[in-house]
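Take a look at the fold below. Turn it around a little before you read on.

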Amino acid sequence: MNAVTEQVLSMLRESRDFLSGEQISRRLGMSRAAVWKHITQLRQAGYGIESVRNRGYRLGATPDTPLDLEIRAHLHTRYLGQELVYLPTTGSTNTVAGTLAKQGAADGTVVFADTQESGRGRLARSWFSPAGRNIYLSVILRPAVVPHQVPQLSLVAGVALVRAIDRLVPGLDLGLKWPNDVFVGRRKVCGILCDMQSEMDRVHHLVLGIGINVNLKSGEFSPEIADKATSLAIEAGR
C-alpha cells in the first residue's frame, strides 16, 4: 500500500460517521474511481469498510495482523519503527533485515512477519513461528558504539521487553535469563537474537531479532519445546 492509501485510511479513522467518496476525492485531489481503488486495497488487506449508497464509507473492523498501517498509527517514537516492512510470510525477519541494512535501510527500520518458515534462535536453533499467533520482528540499529559494547544492547532490549510486557499484561512472574531470554516463571515466552556487521573498531549495523509467544495455546507448541515454552495467553488466561 502506498502513502495515498494510508491517507484514505487515516481519514476513515478520524471520521465518526460515514465519509463520502466525494469528500475523500476532493480532499486528496483524486477521482472517485481512484478512491474506490484505495478502498478495495484496504478491504483486501483485511479492513472492514462499510459502504452505503448516498452516505459513503465507514471503517469498522481492523485486521488482526501486524500491518505497517496499524503499527505506525500507535507509535510515538523518534525513529524506531518509523520505517516498517510487513511480510505475511518470510524465511527469517533477521535475514531480511540484514539484507535491507546492507542496502542502506534507515536506523530504526523494523521488519515484521506473520509467520517465519526458518525462524532462527541462538546457537543455530530454530524458532517456532506459526502464523496468526505470535510477534516476529527484527530491528535495524546503527549504534555509535564499538563492537565489544554491542552485547549491552541485547541486555537493554531484554529489559525493555520485560517492561513492555509488564505494562500490557501486568501481574506475570516475568524474569530475564541473561542475556537473551524472557521467562514467565520457568518457561520461556520471548527470545532475542543479535546479528552484527562490523569491523574491528566500528559497527556498521546491528539486527536485533525479537520473538514473543503471544496467543499460542498449550497444545500448539512443537514437541521439542512443549515443556519449556509458554505464551502470554496461557499465562494471563486471556
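What follows is a short tour of a sheet, its hairpins, a helix and a pocket.

## The sheet

Keep in mind that this is a predicted model. Start with the open sheet: seven strands run in the order β3-β4-β5-β9-β8-β7-β6, and their pairing is mixed. Who sits at the edges? That would be β3 (84-90) and β6 (174-177); each has a single partner strand, so one side of each is left without a neighbour in the sheet. On average, neighbouring strands here are turned by 20 degrees against each other, if you ignore direction.

Now pick out β5 and β9. Strand β5 covers residues 135-141, strand β9 covers residues 203-212, and the two pair in the antiparallel sense over seven bridges. To find your way along this pair, look for S138, which stands opposite G209 in β9.

## Two hairpins in a row

Move over to β6 and β7. These two pair in the antiparallel sense over four bridges, and a hairpin of three residues joins them. In this pair, G175 stands opposite F183 in β7.

Next come β7 and β8, which also pair in the antiparallel sense over four bridges. Here V184 stands opposite R187 in β8. The hairpin of these two strands has two residues between them, and G185 takes a positive phi near 65 degrees there.

Strand β7 is a nice place to see a general pattern. In a regular strand, side chains alternate between the two faces of the sheet. In β7, D181 and F183 point one way while V182 and V184 point the other way. Are these residues buried or exposed? All of them are buried.

## A helix on the sheet

Helix α6 spans residues 150-168 and packs on the sheet, where it touches β6, β7 (181-184), β8 (187-198) and β9. Its direction makes about 145 degrees with that of β8.

## The largest pocket

Last stop: the largest pocket, with a volume of about 1,800 Å³. Its lining has 45 residues, and F112, I135, L137, L168 and I212 lie nearest the centre.

Where does the lining come from? At least two residues each are supplied by α4 (68-72), β4 (110-116), β5, α6, β9 and α7 (232-236). Helix α6 gives the most, with ten residues, and this is the helix that packs on the sheet. As for the kinds of residue in the lining, 30 are nonpolar, eight are polar and seven are charged.

Definitions and conventions. Residues numbered from 1 in each chain as written. Predicted model: local features only at pLDDT ≥ 70, side-chain atom pairs only at ≥ 80, totals over all residues. Heavy atoms only, no water. Pairing = 2+ DSSP bridges. Axes fitted to C-alpha atoms, helices over the stretch in contact; angles between N-to-C directions. Contact = heavy atoms within 4.5 Å. Buried < 20%, exposed > 50% of the residue type's maximum accessible area, 1.4 Å probe, protein only. 1 Å grid on protein atoms, 1.4 Å probe; cavity = no way out; pocket = protein on both sides within 12 Å on 5 of 7 lines; lining within 4 Å. Points joined across faces, edges and corners; volume = space filled by probe spheres on them. Nonpolar A, V, L, I, M, F, W, Y, C, P; charged D, E, K, R; others polar.
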